[in-house]
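This report looks at a loop residue, the surroundings of a ligand and the nonpolar packing of a protein chain. The sequence and the structure come before the discussion.

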Amino acid sequence: MPKEESSISLEEQEKIIHAKQEWTHTFDAVSDLIFIVDNDLNFVRVNRSMAEHCGCRPNELVGRKCYEVMHGTKCAPVECLHAKVIELREPQTAEFVVEKLKGIFEVTMSPMFNTDGQITATVHVARDISEKRRQEKLLAKQQKQLEEINSTLESRITEAVAEMRKKDDILIQQSRLTAMGEMISNIAHQWRQPLNNIGLIVQNLQLAFKSNDLSVEEMDEDIAEVMKVLQQISETIDDFRNFFSYEEKMSSFIVNELISRSLSFVEPSLKRKGILLELDEQPDIVVNGYPNEYMQAFLNIMLNARDALLDHQVTKPLISIRISGEKGRSIITVRDNGGGIDEDILPKIFDPYFTTKHQSTGVGLGLYMAKMIVEKKMHGSLEALNVEDGVEFKIEI
Ligand SMILES: Nc1ncnc2c1ncn2[C@@H]1O[C@H](COP(=O)(O)OP(=O)(O)OP(=O)(O)O)[C@@H](O)[C@H]1O
Ligand SMILES: [Mg+2]
């Protein structure tokens, strides 16, 4: 054909080829699965992603029935959108589980019209939404779990708190056992003297009786003396027993009376070790609380002061106690001159199991218990601070 008669120039032909290549590249570059099927549901064109999903090359699919390739069936499945697109002449979208392609796809099918307005084919754009659905499912499951956790949270917290209370009570009991050991040894000391006295009186009675030298008056006097001593001993037993009885309810008590009862337990051992005790008390302050546990807290503080004084071998060891207060509030301070507590460990002394002592002498529960008794059970406060040459503990309730 003579050059001037050609309807398309070479340059234009090259442009068309270039445009076609560009379009094919774009078509293949899209990660969505794109394919065109004719009215008989034969593949006319498929992009690379679609071919890859089917495990072949694009050309190998052209001319094959789409339902055979996609669904492995002999005819289009009932949910196929093709008929609907033809009927309504507009795009349709639906979700399909395509087992052959191992995934869930969101497919949009659009009609392709010729210049006469007739539909000649449909374009399918399928997006793999398997991962999205998997995530949604996971999210829904987690949401459900969260809702379940939320709905049971309150009861679980209540249970956990009750469990903790129980543990705290057990710890209080344990620490009371430690105090019991201390008290038993003091009782042994406290009783030695009166028991000796009783022994002497009884021996004297026997001697006097044997030598016919016992008047009724003398016997009454001696028996009264024995009874007095026995009374003292029996009071110590009562104190001891009360200390271990369980307190269900709060009760009111006179602070300085309780403190002097507590001191009767530790005073002898302090005396033996040469530790001086100073007491500056304001009488008759009545407060509400758990007296036995309060006593336990106070004793723990006293025993710590004693340990610090002995550890540091202080020349004039001294523990000063001050009791003050007014109208249902009391402040007790226990101060020693045992050298104080290093500032960097001071914030830890109320932590459970914090101790600087050898494991045979301390477990580190004393102050934790004391704090719990005073602050949690009696809503008071217990603090410690370094003063001059020792520590001061302040109990407020
Ligand atoms: N008065 C004090 N002076 C110096 N250090 C003290 C004093 N009181 C407490 N501490 C420090 O605080 C720590 C914790 O005391 P806590 O009573 O809780 O435990 P612990 O006495 O070591 O053991 P335990 O369980 O037998 O009481 C002690 O080990 C000690 O280092
Ligand atoms: Mg202690």
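## A loop residue

In this predicted model, Thr315 sits in the loop that runs between α9 and β9. Is Thr315 buried or exposed? Its relative accessibility is 78%, and because a residue over 50% is classed as exposed, Thr315 counts as exposed. Thr315 can also be placed relative to Gly338, from which it is separated by 23 residues in sequence, while the two C-alpha atoms lie 9.8 Å apart in space.

## The surroundings of ligand 1

Ligand 1 has 20 residues around it, and those that come nearest are Asn304, Thr355, Thr356, Lys357 and Leu365. Sorted by class, this shell comprises 10 nonpolar, eight polar and two charged residues.

Which atoms of the protein lie close to the nitrogen and oxygen atoms of the ligand? A polar side-chain atom of Asp336 is 2.9 Å from a nitrogen atom of ligand 1, whereas a polar side-chain atom of Lys357 is 2.6 Å from an oxygen atom of the ligand. Gly364 contributes through its backbone, with an N or O atom placed 2.9 Å from an oxygen atom of ligand 1. Taken alone, the ligand exposes 590 Å², and the protein buries 92% of that area. The elements supplying two or more residues to the shell are α9 (291–311), α10 (366–377) and β12 (390–396), and among these α9 gives the most, with three residues.

## The nonpolar cores

The largest nonpolar core holds 48 residues, of which Val255, Tyr294, Met302, Ile319, Ile332 and Phe393 touch the most other members. At least two residues of this core come from each of α6 (130–210), α8 (255–272), α9, β9 (318–326), β10 (329–336), α10, β11 (381–387) and β12. The element that gives the most to this core is again α9, with 10 residues. In soluble globular proteins, nonpolar side chains tend to be buried together.

The contacts of Ile332 give a more detailed picture of one of these core members: leaving aside residues up to four places away in sequence, Ile332 touches Val255, Ile259, Tyr294, Phe298, Ile321, Arg322, Ile323, Phe393, Lys394 and Ile395. Apart from the largest core there is another, made up of 23 residues, including Phe43, Val46, Met50 and Ala51.

Conventions:
Residues are numbered from 1 along each chain as its sequence is written. Chains are lettered from A and ligands numbered from 1 in the order in which they are written. This is a predicted model: local features need pLDDT of at least 70, side-chain atom pairs count only at pLDDT 80 or more; totals for chains, interfaces and linings use all residues. Side-chain values use heavy atoms; hydrogens and water are left out. A residue is near a molecule or strand if one of its heavy atoms lies within 4 Å of it. A polar contact is a pair of N or O atoms within 3.5 Å; within protein, one must be able to donate a hydrogen and the other to accept it, and residues adjacent in sequence count only if both atoms are side-chain atoms. Accessible areas come from the Shrake-Rupley method with a 1.4 Å probe; for residues, only the protein chains shown count as cover. Helices (H or I, at least four residues) and strands (E, at least two) are DSSP runs, numbered from the N terminus. Ala, Val, Leu, Ile, Met, Phe, Trp, Tyr, Cys and Pro count as nonpolar, Asp, Glu, Lys and Arg as charged, and the others, Gly among them, as polar. A nonpolar core is a set of buried Ala, Val, Leu, Ile, Met, Phe, Trp, Tyr and Cys residues joined through side-chain atoms within 4.5 Å. Buried means under 20% relative accessible area, exposed over 50%, partly exposed in between (1.4 Å probe, protein chains only). Contact means heavy atoms within 4.5 Å.
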